Amino acid sequence: MDHKSGVFLVITDDTRLLSSLAHMKPRGMSLRIWCPNKASHLQTEVMNVCEILPTRKHRDQLLEIGDILKPQFFTKWHDVQPFCVILALKDIVKHAAVRALILGQLPEAKILTIRLGDSTEQSRKYDNDRELVLTWAELLNRPVKAELRHVQSTHFVNGVRSVLDGGDKIALLLQPDPDPDGLAAALALRTLLGRNKSSTPICAFGRVTRPENLAMIKLLDLDVHTIKPEDLGQFDRVALIDTQPSHLGIELPRIDAVIDHHPERHTFSAAYKDVRPYYGATSTIMTEYLNAAAIPIGQRLATALLYGIKADTLVLNREVIDADLDAFVSLYPKINYNILRRIEKPELPMKFAPILAGALKSMVLQDGVLVSFLGTVEREDLIPQIADFLLQFEDADWVVSAGVYEEQLVMSVRNVGYVKSAGEVVKRIITEQALGLGGGHRTMAKAIIPIAEWKQKFHSTSATSIRSTLLELFCAEAV
Ligand SMILES: [Mn+2]
């Protein structure tokens with residue numbers, strides 16, 4: 001008897017369940033199968049199931065012949081840890097008797113009961129923490145649902161191809177200021193259609209602005225064209241990805257396909273329409289399409305889709321469904337980790353090192369508020385990156401990282417989370433001072449103030465003056 005690895009003893013009179021379990025052969029776990037000691041139909045059946053093993057010796061190791069209604073059958077497992085009985089007997093009385101014997105004879109053993117063919121039985125964990133009951137429906141539910149989704153996706157793939165394949169030039173239209181989910185889903189649709197960027201460009205009515213999204217475009221070599229609504233006339237087909245007609249706020253000359261996961265507030269029709277508001281990301285839908293069409297997902301596309309799912313589900317923290325998790329898991333082994341890391345944490349230019357050194361030297365801390373001014377920066381995303389970095393210092397409950405970018409004073413505000421809401425604090429400061437724009441969430445906020453406005457109000461744009469003014473404003477509101 002192996003004392004180190006666990007032993008799972010299967011006690012069942014259902015040979016289909018037994019056969020399934022015997023075929024699973026989980027690694028690092030040993031399986032034993034109960035076989036009745038008296039000659040019976042069941043005994044023959046159990047022996048037959050064990051015929052899958054090549055030798056007599058193996059079969060003998062697998063079988064535990066005995067009477068399960070006798071305590072002695074169980075006492076010999078005393079020293080085996082962990083020990084678990086998978087119990088599924090059709091006769092309820094017999095099931096209860098065996099369960100009682102295990103509970104009494106083996107105080108450490110776990111019992112996993114599988115209820116066969118009883119759809120009313122709820123799965124549950126007993127109070128004693130030793131037992132779990134699973135219903136047959138529950139065991140099958142997840143894999144069967146995944147299979148059904150796969151079949152459904154095959155059907156969807158045919159649909160979208162038949163609508164879009166007829167066009168020479170196809171626009172893949174995203175929301176203005178496209179986000180990672182939209183970009184990845186558009187790239188996936190282009191791959192699904194077997195087209196290239198000149199015949200099937202990714203388009204939007206506004207340019208990409210967020211630094212991570214720009215990093216994604218650069219590192220994954222994506223092409224996004226900023227177009228005007230009337231430019232859609234040049235295309236034979238228009239597909240809306242990760243957005244819907246009502247989100248764009250204008251009447252489009254044509255819409256052939258819509259693939260999205262936002263709720264449909266204003267109903268619309270399109271030759272091809274797949275809107276699934278219960279999905280965490282459009283990238284999940286597209287991953288299913290690609291898998292259903294058996295199209296290999298390369299590293300670049302896998303990285304894009306995984307980042308799309310991560311971004312839209314807040315790293316799977318927002319509500320997600322099985323489909324999002326399955327897509328995530330299927331993509332994960334295929335991605336380029338370096339690229340993903342660089343998208344999420346953009347590199348700092350070497351020229352920035354002396355600026356950062358100066359900012360670290362001159363930063364000011366008072367009442368838990370840490371203010372740092374970077375001067376003029378060549379990339380706006382350097383400001384929030386430094387804010388994130390500075391929040392790691394002890395005693396910093398609040399961080400205000402500021403810098404001048406394109407004639408505007410840009411501020412990134414961070415806090416440790418158990419203080420006032422960063423978004424509200426920033427909004428109050430902006431409103432009270434009647435300056436610029438600002439807002440955000442609990443722990444992150446941003447404000448933008450034209451440098452001319454700042455100068456008019458505070459009479460100076462020297463680094464010292466900006467630091468002390470910001471410190472004063474935030475100490476008054478945040479602390
Ligand atoms: Mn989305």
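Begin by selecting Val 400 and Val 413 together, because in this predicted model Val 400 stands opposite Val 413 in strand S17, where two strands are paired with each other. Widen the selection to the whole of S16 and S17, and you will find that these two strands pair in the antiparallel sense over eight bridges. Strands of a sheet pair through backbone hydrogen bonds, either parallel or antiparallel. Now go to the turn that joins the two strands: the hairpin of S16 and S17 has two residues between the strands, and Glu 406 takes a positive phi near 45° there.

**The partners of S17**

Keep Val 413 selected and add Ala 445, which is the bridge partner of Val 413 in S19. S17 and S19 pair in the antiparallel sense over seven bridges. Is S17 mostly covered or mostly open, and how many of its eight residues are buried? Colour the strand by burial and count: seven of the eight residues of S17 are buried, so that the strand is described as mostly covered.

**Out to the edges of the sheet**

Next select Gly 440 along with Ala 445, since Ala 445 in S19 is also given as the bridge partner of Gly 440. The strands that carry this pair, S18 and S19 (residues 444-450), run antiparallel to each other and are joined over four bridges.

With these strands on screen, show the complete sheet, which is an open one of six strands in the order S14-S15-S16-S17-S19-S18, with mixed pairing. Strand S14 (364-366) and strand S18 (437-440) stand at its edges with a single partner strand each, so one side of each is left without a neighbour in the sheet. If you look along the sheet, neighbouring strands are turned by 15° against each other on average, with direction ignored.

Now add helix H15 (residues 382-390), which packs on this sheet and touches strand S15 (369-376), strand S16 (398-405) and strand S17 (408-415), while the direction of H15 makes about 160° with that of S16. Helix H17 (residues 451-458) also packs on the sheet, where it touches S16, S17 and S19, and the direction of H17 makes about 80° with that of S19.

**Inside helix H15**

Which residues of H15 are buried? Show the side chains of the helix and select Leu 382, Ile 383, Pro 384, Ile 386, Ala 387 and Leu 390, which are the buried ones. An α-helix has 3.6 residues a turn, so residues three or four places apart point the same way. The buried residues of H15 pack against S15, S16 and S17, and also against helix H14 (352-362).

**A second sheet, with parallel strands**

Move to another open sheet of six strands, whose order is S10-S9-S8-S11-S12-S13 and whose pairing is parallel. The edge positions belong to strand S10 (224-226) and strand S13 (272-275), each with a single partner strand, so one side of each has no neighbour in the sheet. The twist in this sheet averages 25° from one strand to the next.

Select strand S8 (residues 170-174) and strand S9 (residues 202-204), which run parallel and are joined by three bridges; within this pair, Leu 173 stands opposite Cys 203 in S9. Then add helix H6 (residues 136-164), which packs on the sheet and touches S8, strand S11 (237-241), strand S12 (257-260) and S13, with a direction that makes about 140° with that of S13.

**Towards the start of the chain**

Go next to strand S1 (residues 7-12) and strand S2 (residues 30-36), which run parallel and are joined by four bridges; Leu 9 stands opposite Arg 32 in S2. From S2, continue to strand S3 (residues 63-66), since four bridges join S2 to S3 and these strands also run parallel, with Pro 36 opposite Gly 66 in S3.

**Zooming out**

Finally, show the entire protein, which contains 18 helices and 19 strands. Colour it by domain: the assignment gives domain 1 (7-116), domain 2 (147-342) and domain 3 (352-478). Where do the C-alpha centres of domain 1 and domain 2 lie? They lie 49 Å apart. The C-alpha atoms of the protein fill a box of roughly 100 × 65 × 40 Å along the principal axes. The radius of gyration of the protein is 31 Å, whereas a compact globule of 479 residues would have one near 23 Å. Of these 479 residues, 34% count as buried.

Methods. Residues are numbered from 1 along each chain as its sequence is written. This is a predicted model: local features need pLDDT of at least 70, side-chain atom pairs count only at pLDDT 80 or more; totals for chains, interfaces and linings use all residues. Axes are lines fitted to C-alpha atoms, for helices over the stretch in contact, and angles run from 0 to 180 degrees between N-to-C directions. Two residues are in contact if their C-beta atoms, placed from the backbone, lie within 7 Å. Domain bounds come from an automatic or database domain assignment. The radius of gyration is taken over C-alpha atoms; the globule rule is 2.2 Å times the number of residues to the power 0.38. A residue is buried if 20 or more other C-beta atoms lie within 10 Å of its own, exposed if 12 or fewer, and partly exposed in between; C-beta atoms are placed from the backbone.
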